[in-house]
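I opened my notebook to look up what surrounds the ligand and how some of the rings are arranged. The structure comes first, and my entries follow.

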Amino acid sequence: MQESSLLLEWIQVLHSYLAYIVLVLLFLAVANAITGLVSNRMFTMGKDLRLSLFTLILSHIQLVVGLILWFISASGFSAIKTLGMGGMNSAARLLAVEHPFVNILALALITIGWSRHKRFMEGKKKFKSIALFYGLGLVLILSRIPWAQWFN
Ligand code: HEM
């Protein structure tokens, strides 16, 4: 096997497995923020901060891995180049356009949620920022996962 296709395969596997971790973390961070908000408890520097920060870091790592994949995989930028926007079917468009761009938007929302939470002193507002922006990010990500390809 050529070195370049081995690298591609390695990055595809990494992106595929990291997706499980990112989705589970996002789900936990949103659930934790909602329960924190509902129970009106303090935002702790231990569990609450660590969970939100760890989720932010891993989703950014996934963003970088996804960007690399988009440039080197035949399903990414090169699909747009060879087929053109009008020449792609819905499955190809999902991988090359919708999944990457909606995920970049989702990551921007998650980053906004993290930055906003730091501006507040009150636990309630911190939890609200995480719950809302991480939650919106999670919904966007879930809306554009290539499910069929992932579980194939
Ligand atoms: C948190 C964000 C993301 C999640 C959870 C995620 C998840 C996934 C999953 C589950 C797959 C299918 C993997 C498989 O077939 O086994 C995939 C494929 C892909 N993703 Fe992402 N992704 C994310 C962000 C991104 C971003 C930001 C980009 C690009 C800018 C990107 C580019 C791609 C590409 C090009 C493929 C197709 C790879 C190929 O078939 O060669 N992803 N992603």
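**Rings and ligand shell**

I looked up F71 and noted that it counts as exposed because its relative accessibility is 55%, where exposed means over 50% relative accessible area, buried under 20% and partly exposed in between, with a 1.4 Å probe and protein chains only. I keep in mind that this is a predicted model, in which local features need pLDDT of at least 70 and side-chain atom pairs count only at pLDDT 80 or more, while totals for chains, interfaces and linings use all residues. Residues are numbered from 1 along each chain as its sequence is written, and side-chain values use heavy atoms, with hydrogens and water left out.

I then turned to the rings and found 10 aromatic pairs in the structure, a pair being rings of Phe, Tyr or Trp (its six-membered ring) with centres within 6.5 Å, called stacked if the planes are under 30 degrees apart, edge-to-face if over 60 and tilted otherwise. W70 and F77 are a tilted pair, because their planes stand at 45°, with 5.4 Å between the ring centres. F77 also pairs with F71, again tilted, at 6.3 Å centre to centre and 55° between the planes.

Last, I checked the ligand for polar contacts, meaning pairs of N or O atoms within 3.5 Å; within protein, one must be able to donate a hydrogen and the other to accept it, and residues adjacent in sequence count only if both atoms are side-chain atoms. A polar side-chain atom of H15 lies 2.8 Å from a ligand nitrogen, and H99 likewise places one 2.8 Å from a nitrogen atom of the ligand.
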